[in-house]
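Reader: I am in my first year and would like to look closely at the nonpolar interior of this protein. Could you please take me through the part where its side chains gather?

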Amino acid sequence: MRENHIRDIGYLPEERGLYKTMKVGEQALYLAQLKGLSKTEAKARLKYWFDRLDIGDWWNKKIQELSKGMAQKIQFVVTVLHEPKLLIFDEPFSGFDPINADIIKDEILHLRDQGATIIFSTHRMESVEELCDDIALIHKSNKILEGKLVDVKRQFKSNTFEVGIRSNNQPELKQELAQKFDVSDAYFKTLENELKLNIKLQDSQKSNDLLGFLASKGEVSHFVELIPSVNDIFIQTVKNN
């Protein structure tokens with residue numbers, strides 16, 4: 001790796017890497033110039049990002065005056081300021097409330113859409129679901145699973161459907177369903193008193209056949225295929241290993 005390659009990389013560490021006694025603007029300018037930007041260009045880009053994230057009035061504050069989330073916003077800005085081709089984010093939402101987490105998430109997606117390659121390290125599996133196209137799951141320093149997110153989810157799905165149906169005779173309907181399908185109780189919340197089941201289909205059985213059968217027996221209020229979350233996949237894979 002050469003020096004010019006380093007300027008194509010932006011790294012946001014989990015731990016803060018800011019000087020606490022320096023003012024925000026002074027420090028941001030210093031870090032931007034370390035990445036090869038002129039002072040004039042750095043000021044222009046910082047103004048753009050500070051306006052975009054509505055943090056312009058932080059310019060003369062010292063880092064030690066900022067909350068954890070506020071400092072994380074500054075660190076995010078100086079990470080992306082020089083428009084690197086490769087971005088590495090380690091727990092980028094640490095310290096953020098839900099509103100600011102969504103703001104940074106949208107900015108990360110925008111950077112991806114602009115052509116940046118993003119490596120994202122996190123323990124928050126819901127963030128993986130929202131942001132990642134490809135994943136690698138690591139347990140005790142070993143990679144235990146990798147692939148495109150959609151392919152991994154397809155690999156782990158069990159052809160199971162969560163259903164809710166309103167019927168005048170729920171016990172009889174449940175018994176009839178159990179004769180045709182692999183049935184277990186479900187516990188999702190609804191506003192009505194209805195029969196709630198998880199129904200697993202065999203390879204020869206189709207979801208339309210199940211839906212048609214349910215519709216012939218009552219009013220179907222809920223019909224969703226259960227797709228495992230990344231969190232569920234991680235737990236299952238760790239147990240299997």
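The nonpolar core and its surroundings

Author: In the largest nonpolar core, which has 48 residues, I74, F76, V77, F89 and F93 touch the most other members. A nonpolar core is here a set of buried Ala, Val, Leu, Ile, Met, Phe, Trp, Tyr and Cys residues joined through side-chain atoms within 4.5 Å; buried means under 20% relative accessible area, exposed over 50%, and partly exposed in between, with a 1.4 Å probe and protein chains only. Helix α4 supplies the largest share of this core, six residues. Beyond its neighbours within four places in sequence, V77 is in contact (heavy atoms within 4.5 Å) with L46, W49, F50, L53 and I55. A second, separate core has 13 residues, among them F161, I165, I199 and F213.

The model is predicted, with local features requiring pLDDT of at least 70 and side-chain atom pairs counted only at pLDDT 80 or more, while totals for chains, interfaces and linings use all residues. Residues are numbered from 1 along each chain as its sequence is written, and side-chain values use heavy atoms, leaving out hydrogens and water.

F213 of the second core also appears among the buried residues of helix α9 (residues 207-217), which are L210, F213 and L214. Seen down the axis of α9, these residues fall within an arc of 100 degrees, so they line one face of the helix; the arc is that of the directions from the helix axis to the C-beta atoms. The face turned away from the buried side of α9 carries N208 and S216, which are exposed. The buried residues of α9 pack against β6 (160-166), α8 (170-180), β8 (195-200) and β9 (219-225). These labels follow DSSP runs numbered from the N terminus: helices are H or I of at least four residues, and strands are E of at least two.

To return to F89, one must consider a sheet. Three strands form an open sheet in the order β1-β2-β3, with parallel pairing; two strands pair if DSSP finds at least two bridges between them. Its edge strands, β1 (9-12) and β3 (117-121), each pair on one side only. From one strand to the next, the twist averages 10 degrees. Strand β2 (residues 86-90) is joined to β3 by five bridges, and F89 stands opposite F120 in β3. Helix α4 (residues 68-80) packs on the sheet, touching β1 and β2, and its direction makes about 165 degrees with that of β1. Axes are lines fitted to C-alpha atoms, for helices over the stretch in contact, and angles run from 0 to 180 degrees between N-to-C directions.
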